[in-house]
Amino acid sequence: AIERTLSIIKPDATRRNLTGKINARFEEAGLRIVAQKRLQLSRAQAEAFYAVHSERPFFGSLCEFMTSGPVVVQVLEGESAVAKNREVMGATNPADAAPGTIRKDFAESIEANSAHGSDSLENAAIEIAFFFSGIEIVG
Ligand code: CMP
């Protein structure tokens with residue numbers, strides 16, 4: 001089925017001017033960028049977005065990192081978009097990511113791992129609504 005998923009190009013990637021290269025990976029995989037904006041997240045916004053991880057030991061550091069520079073938040077649309085986006089990104093830890101994936105090719109560490117993607121269709125709807133209103137998404 002055609003799905004939508006929330007993607008974030010993280011500060012380590014925007015710092016190295018990799019937005020276009022990462023977007024090309026998505027488009028080459030058949031995902032369409034149907035909404036996109038560049039934001040500087042506040043601490044409160046980062047904490048709210050990652051609230052599901054609030055008890056994890058890396059939560060504080062993750063929120064610090066996610067506010068360390070601009071992010072590009074985007075909605076990707078396509079056949080099985082949630083799974084396809086995760087496939088193109090590769091494993092969370094770049095050390096475990098398959099060759100040719102975004103995280104293998106670009107990530108600096110398990111934290112500075114260049115991209116975020118929703119982990120389920122249910123979370124995709126929640127995460128898209130966190131950043132975008134309906135009229136900002138043009139399929
Ligand atoms: P993301 O897919 O955005 O989801 C949570 C983020 O926490 C993850 O990518 C990493 O950037 C970060 N992170 C840092 N340490 C870990 C860890 N040990 N396990 C999972 N995620 C981690």
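Let's start in the middle of this predicted model. The largest nonpolar core has 21 residues, and the members that touch the most others in it are L6, I8, M66, V75, F131, F132 and I137. Several parts of the fold feed into this core: strand 1, strand 2 (32–39), helix 3, helix 4 (59–66), strand 3 (71–79) and helix 7 each give two or more residues. Helix 4 supplies the largest share, with five residues.

To get a feel for how one of those core members sits, pick F132. Setting aside neighbours within four places in sequence, F132 is in contact with L6, A35, Q36, K37, V73, Q74, V75 and I137. Of these partners, L6, V75 and I137 are also listed among the core residues that touch the most other members.

That isn't the whole nonpolar story, though. There is a second, separate core of 14 residues, and F26, L31, I102 and F106 are among its members.

Now have a look at S7, which lies in strand 1 (residues 2–9). S7 counts as buried because its relative accessibility is 0%, and the cut-off for buried is under 20%. Which residues does S7 touch, not counting those up to four places away in sequence? They are F26, V72, V73, Q74, L76, N85 and H116. One of them, F26, belongs to the second core, while V73 and Q74 also turn up on the contact list of F132.

Next, the aromatic rings. The model has four aromatic pairs. One is F49 with F130, an edge-to-face arrangement with 5.6 Å centre to centre and 65° between the planes. This pair ties together distant parts of the chain, as F49 sits in helix 3 (residues 43–49) and F130 in helix 7 (residues 121–131), 81 residues apart. Are the two partners buried or partly exposed? F49 has 10% relative accessibility, so F49 counts as buried. F130 comes in at 36%, so F130 counts as partly exposed.

F130 has another ring partner right next door in the sequence: F130 and F131 form an edge-to-face pair, at 4.8 Å centre to centre with 75° between the planes. F131 has a relative accessible area of 10%, so F131 is buried. Put these rings together with Y50 and you have one aromatic cluster, made up of F49, Y50, F130 and F131.

And that brings us back to where we began: F131, a member of this aromatic cluster, is also one of the residues touching the most other members of the largest nonpolar core.

Terms used. Residues numbered from 1 in each chain as written. Predicted model: local features only at pLDDT ≥ 70, side-chain atom pairs only at ≥ 80, totals over all residues. Heavy atoms only, no water. Helix = DSSP H or I, 4+ residues; strand = E, 2+ residues; numbered from the N terminus. Buried < 20%, exposed > 50% of the residue type's maximum accessible area, 1.4 Å probe, protein only. Contact = heavy atoms within 4.5 Å. Phe/Tyr/Trp six-rings, centres within 6.5 Å; stacked < 30°, edge-to-face > 60°. Core = buried A, V, L, I, M, F, W, Y, C linked by side-chain atoms within 4.5 Å.
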